[in-house]
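User: Could you take a close look at one part of this model for me? I'd like to know what surrounds the second ligand, and then hear about any odd backbone spots.

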Amino acid sequence: MSHHPASNFDHLSEGELTAKLEPELLPKHVAVIMDGNGRWAELRGLPRIAGHREGINSVREMITLCLELGIRALTIYAFSQENWNRPTQEISALMELLEHYLSTERASLIEQNVCFRAIGRHELLPPSAQHWVRTTEKETAHLDKLSLTVALSYGGRAEIVDAVKTMMEDVQTGTLQQGLIDETTIRQYLYTHPLPDPDLLIRTSGETRISNFLLWQLAYTELCFTPTLWPDFRRREFLLALIEYQRRERRFGRVPSTVPS
Ligand code: IPE
Ligand code: IPE
Ligand code: MG
């Protein structure tokens, strides 16, 4: 969406936008870099945390829309490894918000049949946040309508480091044969296993970088960048991103398809 080709849909209602989607061509796995909360707040003269708080409503709407459309996996970047370098005040406000979200939203996740899982180095999170992460994971582990994966204290390079370390241990103990290591093996050691790679990545707030998110998994993902700030990214924006995704031709290195689109 860098050049907003879908903006000629401004006059269309949400229902009309939904009607433009081809159900069988929807992404199976959507990943999101939820960026721009701070700027959203600053534009309103509010503290940055107000933007993070408002951003939770966007998360909620996105979960609902995935459930409605039958998208089975949603992975959202909530806190990066590099975000530990933010002022302690913002970090603790974010952690409080996370705990508040998990403790209050758990019931609704269960009701909606959403399986919650956190990926990243959780051991770095404050104990109370770790508690709510584990509790929510346990209580939703059996649910299967939507896999909601939240990247917390996550870094794509750290994920690869962790995978390599575990693989080396398994080679040492004999559970893994070094000569048999291939791409499928590596995939199995990543935090995201057994999810398929994301078909679509959305990044809000106009930044056009990956910021250490899912480095391995994004190899052939369609990237969608939008200037909309995360707290303003609601159902309509998500529908526009999905329409844009469906207009792309995914080639995976092959020659252009001869099938007319
Ligand atoms: C994204 O919003 C949320 C987190 C990184 C936790 P930002 O906080 O990065 O907002 P901007 O980019 O400063 O506007
Ligand atoms: C990426 O956003 C991380 C999350 C959305 C959680 P940042 O705002 O931290 O990324 P940079 O610093 O702009 O690359
Ligand atoms: Mg940012």
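Analyst: Here's a walk around the ligand site, followed by a few backbone oddities.

Keep in mind that this is a predicted model. Let's start with the place where ligand 2 sits: the space it takes is the largest pocket. The residues around ligand 2 are Ile 33, Met 34 and Asp 35, then Tyr 77, Ala 78, Phe 79 and Ser 80, along with Asn 83, Arg 86, Arg 203, Arg 209 and Ser 211. Sort that shell by character and you get five nonpolar, three polar and four charged residues. Which strand gives the most to the shell? That's β2, residues 73-80, with four residues.

Now for the polar side chains that reach ligand 2. Arg 209 has a side-chain N or O atom 2.8 Å from an oxygen atom of the ligand. With Asn 83, a polar side-chain atom lies 2.9 Å from a ligand 2 oxygen. For Arg 86, the distance from a polar side-chain atom to an oxygen of ligand 2 is 3.3 Å. As for how covered the ligand is, ligand 2 taken alone exposes 390 Å², and the protein buries 77% of that.

On to the backbone. If you scroll to His 193 and Pro 194, you'll find that a cis peptide bond joins them, with omega at about 5°. Pro 194 is found in the loop between α7 (183-189) and β5 (200-203).

Two serines are worth a look as well. Ser 153 isn't a glycine, yet it has a positive phi of about 55°. You'll find Ser 153 in strand β4, which covers residues 146-154. Is Ser 153 buried or exposed? Its relative accessibility is 1%, so Ser 153 counts as buried, the cut-off for that being under 20%.

The other one is Ser 205, again not a glycine, with a positive phi of about 80°. Where does Ser 205 lie? Look in the loop between β5 and β6 (222-225). Ser 205 has a relative accessibility of 6%, and therefore counts as buried.

To pull the site back together: ligand 2 takes up the space of the largest pocket, β2 gives the most residues to its shell, and side-chain atoms of Asn 83, Arg 86 and Arg 209 pair with its oxygen atoms at the distances above.

Technical notes:
Residues are numbered from 1 along each chain as its sequence is written. Chains are lettered from A and ligands numbered from 1 in the order in which they are written. This is a predicted model: local features need pLDDT of at least 70, side-chain atom pairs count only at pLDDT 80 or more; totals for chains, interfaces and linings use all residues. Side-chain values use heavy atoms; hydrogens and water are left out. A residue is near a molecule or strand if one of its heavy atoms lies within 4 Å of it. A polar contact is a pair of N or O atoms within 3.5 Å; within protein, one must be able to donate a hydrogen and the other to accept it, and residues adjacent in sequence count only if both atoms are side-chain atoms. Accessible areas come from the Shrake-Rupley method with a 1.4 Å probe; for residues, only the protein chains shown count as cover. On a 1 Å grid over the protein atoms alone, a cavity is a set of points where a 1.4 Å probe fits but cannot get out, and a pocket is an open set with protein on both sides within 12 Å along at least five of seven lines; lining residues have an atom within 4 Å of a point. A molecule sits in a cavity or pocket if more than half of its atoms lie within 2 Å of its grid points. Ala, Val, Leu, Ile, Met, Phe, Trp, Tyr, Cys and Pro count as nonpolar, Asp, Glu, Lys and Arg as charged, and the others, Gly among them, as polar. Buried means under 20% relative accessible area, exposed over 50%, partly exposed in between (1.4 Å probe, protein chains only).
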